[in-house]
Amino acid sequence: KKSKTIWDLEEYFVAKITGLKNAQEYYYKISPKFKCHKVKKPLIVINSRDDSIIGVGLEKMDLAKFVTNPNMVLWSTAAGGHVSFIEGLRPVRSYLNRVIPESSLLLRQFVEETKQ
């Protein structure tokens with residue numbers, strides 16, 4: 001059967017190769033929505049609002065779950081896409097490779113604060 005949507009692809013291909021019943025079970029298993037409260041170590045969640053796959057889902061998610069867990073920080077950017085925040089085709093550059101080192105002081109501070 002031909003997949004016409006991402007949901008179809010997840011339903012007929014990804015769910016099957018991961019041993020799950022269907023797309024609904026797949027999305028439940030991979031969604032951080034049901035796991036945020038369990039995070040015990042410092043975790044920075046990086047998301048792009050223009051992510052055509054996750055961005056829309058994140059808007060529907062209860063972001064309070066990210067904010068209320070003191071071990072998590074949601075870092076949401078306006079642009080970045082879906083995978084690795086790729087910039088350009090040749091040479092391939094990654095937004096994350098540039099921003100993470102620049103933000104390492106803030107990241108280190110977050111980790112130290114969550115240890116207290």
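This is a short talk through one predicted protein model, from its overall layout down to a few side chains.

Okay, hi everyone. Keep in mind as we go that this is a predicted model. Let's start with the layout. The protein chain has six helices and four strands. If you walk along the sequence, the order goes α-α-β-α-α-β-β-β-α-α. So how much of the chain is buried? Out of the 116 residues in the protein chain, 25% count as buried.

Now to the aromatics, where I'd like to spend some time. How many aromatic pairs does the structure hold? It holds two. One is Trp7 with Tyr27, and that pair is stacked, with the ring centres 5.3 Å apart and 10 degrees between the planes. Where do the two partners sit? Trp7 is in helix α1, which covers residues 6-17, while Tyr27 is in helix α2, so this pair ties together parts that lie 20 residues apart in sequence.

Are those two rings buried or exposed? Trp7 has 43% relative accessibility, so it goes down as partly exposed. Tyr27 comes in at 27%, and that also makes Tyr27 partly exposed. The other pair is Tyr26 with Tyr27, and here the geometry is edge-to-face: 5.5 Å from centre to centre, with 70 degrees between the planes. Tyr26 itself is buried, because its relative accessible area of 15% is under the 20% cut-off. Put together, Trp7, Tyr26 and Tyr27 make one aromatic cluster.

While we're on Tyr26, have a look at Val14. Val14 is in helix α1, and it's buried, at 16% relative accessible area. Val14 and Tyr26 are twelve residues apart along the chain, and their C-alpha atoms are 8.0 Å apart.

Let's turn to the surface. Which residues make the nonpolar patch? That would be Leu9, Phe13 and Ile17, and the patch comes to about 300 Å². Phe13 belongs to helix α1. Its relative accessible area is 46%, so Phe13 is partly exposed.

There's a charged patch as well. Lys21, Lys29, Lys35 and Lys38 form a positive patch on the surface. Take Lys29 from that group: you'll find it in helix α2, residues 23-30. Lys29 is partly exposed, with 47% relative accessible area. So helix α2 gives us Lys29 in the positive patch and Tyr27 in the stacked pair with Trp7.

Last stop, further along the chain: Asn97. Asn97 sits in helix α5, which spans residues 95-102. Is Asn97 buried or exposed? It's exposed, since its relative accessible area is 60% and the cut-off for exposed is over 50%. Eleven residues away along the chain from Asn97 is Ile86, and the two C-alpha atoms are separated by 9.5 Å.

To recap for your notes: Trp7, Tyr26 and Tyr27 form the aromatic cluster, Leu9, Phe13 and Ile17 make the nonpolar patch, and the four lysines I listed, Lys21, Lys29, Lys35 and Lys38, make the positive one. That's it from me, thanks for listening.

Terms used:
Residues are numbered from 1 along each chain as its sequence is written. This is a predicted model: local features need pLDDT of at least 70, side-chain atom pairs count only at pLDDT 80 or more; totals for chains, interfaces and linings use all residues. Side-chain values use heavy atoms; hydrogens and water are left out. Patches are made of residues with over 30% relative accessible area and no salt bridge: like charges are joined within 9 Å, nonpolar side chains (Val, Leu, Ile, Met, Phe, Trp, Tyr) within 5 Å. Accessible areas come from the Shrake-Rupley method with a 1.4 Å probe; for residues, only the protein chains shown count as cover. A salt bridge is a side-chain nitrogen of Lys or Arg within 4 Å of a carboxyl oxygen of Asp or Glu. Lys and Arg count as positive and Asp and Glu as negative; His and the chain ends are not counted. The place of a charge is taken as NZ of Lys, CZ of Arg, CG of Asp or CD of Glu. Helices (H or I, at least four residues) and strands (E, at least two) are DSSP runs, numbered from the N terminus. Buried means under 20% relative accessible area, exposed over 50%, partly exposed in between (1.4 Å probe, protein chains only). Rings of Phe, Tyr and Trp (its six-membered ring) pair if their centres lie within 6.5 Å; planes under 30 degrees apart count as stacked, over 60 as edge-to-face and the rest as tilted.
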